[in-house]
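Thanks for coming, everyone. Please look at the screen while I bring up today's protein.

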Amino acid sequence: MTIVATDGIAPDVMRHRTITVELPAPFDPGWNRIPGLEVEGRHISVDPTQYFFRFESHTWLVADWELVRTELLPVTETTSSAVEQLALDFIKRHAVSTSDPTRVLSTAYRVYEYLFRDEHLEGIGLPQVTADHLRMLREAATLMALNKVELDGHISNVGPCWFFPAATSVVFGLEDSVGEMLDEVYHGGWFNEYRRIESIKAHAALGGRLVHGCQAVPDQTGGVVAPYGASMTVFREELSRFKAEWIERVYASGVAVEG
């Protein structure tokens, strides 16, 4: 697998450089409650020194969303080519390594704008999920794209959005039960095969597949787009050691602002 590196920026510069991006739709001002985030309409700034709990890797794998949309989304699996293999082959051919987090966030927004589109609300069988909930999912999942897991399973980048119910509680003022419901929608893709296939294809734009550590009921063990082949055993073990501390820090950030 040959990955082409692009727009290289020195790691020591990336660690302290403010990340700025302007996205197609405005984000909720509640994101300003998260340390290191500044949101004003469509403009988002991320101070890595305040936002991340861990920020060791400063490159991400991405592919052009329009290429995913036109060349991968319409393809169907066959008896000799599963959808996962289609996605992996696409990544091998088209993914590039970038040190530009703006590109990652812009790509992620397109991915989740597609996955959490309003047309799914009709006939999906979850009347409690609203268009506003889908907007929350799009926003949180976009920021989640800056998280990263290495091939050996090591968690190199972690931000507050890893822990969806905690983050939505702070940002949107949701009760934990609502945050957990949305967490199930994010991870489970509404629990049907059609949605799972959509997710696998769309996440090729972010260089991998969506994985999570939760059991059947969300327990805040988080999710991330991980590269194919990453060690899930190491990922799970490492997350279990640190998640309680990180979750506490997410909730504490809301208390600090409100107090």
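Let me start with a question: is H58 buried or exposed? H58 is buried, because its relative accessible area is 7%, and the cut-off for buried is under 20%. Where does H58 sit? It is in the loop between strand 5, residues 54–55, and strand 6. The side chain of H58 has a polar atom 3.5 Å from the backbone oxygen of F55.

One caution before we go on. What you see is a predicted model.

Now the overview. The protein has 259 residues, and 53% of them count as buried. Its secondary structure comes to 10 helices and 11 strands. Next, take the contacts between residues at least 6 apart in sequence. Of these, 71% join residues at least 24 apart.

On to the core. In soluble globular proteins, nonpolar side chains tend to be buried together. Here, the largest nonpolar core has 82 residues. Which members touch the most others? They are W31, Y112, F116, W162 and F163. Helix 5 gives this core its largest share, 8 residues.

Next, helix 3, residues 65–72. Find its buried residues: W65, V68 and L72. Why are these three on the same side of helix 3? Because they cover an arc of only 80° around the axis. What lies over them? The cover includes helix 4 at 83–94, helix 5 at 101–115 and helix 9 at 193–202. Look at the start of helix 3 too. D64 caps the N-terminal end, with a side-chain oxygen 3.2 Å from the backbone nitrogen of E66.

Let's turn to helix 9. Its buried residues are R195, E198, S199, I200, K201 and A202. Helix 3 is part of what covers them, and so are helix 4, helix 5 and strand 10, residues 209–212. Notice the pairing. Helix 9 helps cover helix 3, and helix 3 helps cover helix 9.

Helix 4 has come up twice, so pick out one of its residues, D89. D89 counts as partly exposed, because its relative accessible area is 25%. The side chain of D89 makes a polar contact of 2.8 Å with the side chain of Q85. Now find A204. D89 and A204 are 115 residues apart along the chain, yet their C-alpha atoms are separated by 9.5 Å.

Now helix 10, residues 232–258. I want two residues from it. Start with V250, which lies in this helix. V250 is buried, with a relative accessible area of 1%. What does V250 touch, leaving aside neighbours within four places in sequence? The contacts are F53, P160, F163, A166, A167 and V170. You have met F163 already, among the core members that touch the most others. Another partner to find is P35. It is 215 residues from V250 in sequence, but 9.2 Å away in space, C-alpha to C-alpha.

The second residue is V234, also in helix 10. V234 counts as partly exposed, because its relative accessibility is 32%. Not counting residues up to four places away in sequence, V234 touches D152, G153 and H154. Look at I155 as well. I155 and V234 are 79 residues apart in sequence and 8.8 Å apart in space, C-alpha to C-alpha.

One loop residue now: L126, found between helix 5 and helix 6, residues 131–144. L126 is partly exposed, with a relative accessible area of 26%. Its C-alpha atom is separated by 9.7 Å from that of V185, 59 residues apart along the chain.

Last stop, the empty space. Rolling a probe the size of a water molecule over the atoms shows where empty space is left. The largest pocket has a volume of about 410 Å³. How many residues line it? The lining has 22 residues, and the closest to the centre are L61, K148, V149, G207 and P227. Which elements supply at least two residues each? They are strand 6 at 60–62, helix 4, strand 8 at 148–149 and strand 11 at 223–226.

To close, go back to where we began. H58 is in the loop that leads from strand 5 to strand 6, and strand 6 supplies at least two residues of the pocket lining. Follow that stretch on the screen, then send me your questions.

Notes:
Residues are numbered from 1 along each chain as its sequence is written. This is a predicted model: local features need pLDDT of at least 70, side-chain atom pairs count only at pLDDT 80 or more; totals for chains, interfaces and linings use all residues. Side-chain values use heavy atoms; hydrogens and water are left out. Buried means under 20% relative accessible area, exposed over 50%, partly exposed in between (1.4 Å probe, protein chains only). Helices (H or I, at least four residues) and strands (E, at least two) are DSSP runs, numbered from the N terminus. The arc is that of the directions from the helix axis to the C-beta atoms. Contact means heavy atoms within 4.5 Å. A polar contact is a pair of N or O atoms within 3.5 Å; within protein, one must be able to donate a hydrogen and the other to accept it, and residues adjacent in sequence count only if both atoms are side-chain atoms. A nonpolar core is a set of buried Ala, Val, Leu, Ile, Met, Phe, Trp, Tyr and Cys residues joined through side-chain atoms within 4.5 Å. On a 1 Å grid over the protein atoms alone, a cavity is a set of points where a 1.4 Å probe fits but cannot get out, and a pocket is an open set with protein on both sides within 12 Å along at least five of seven lines; lining residues have an atom within 4 Å of a point. Grid points are joined across faces, edges and corners, and a volume is the space filled by probe spheres set on the points.
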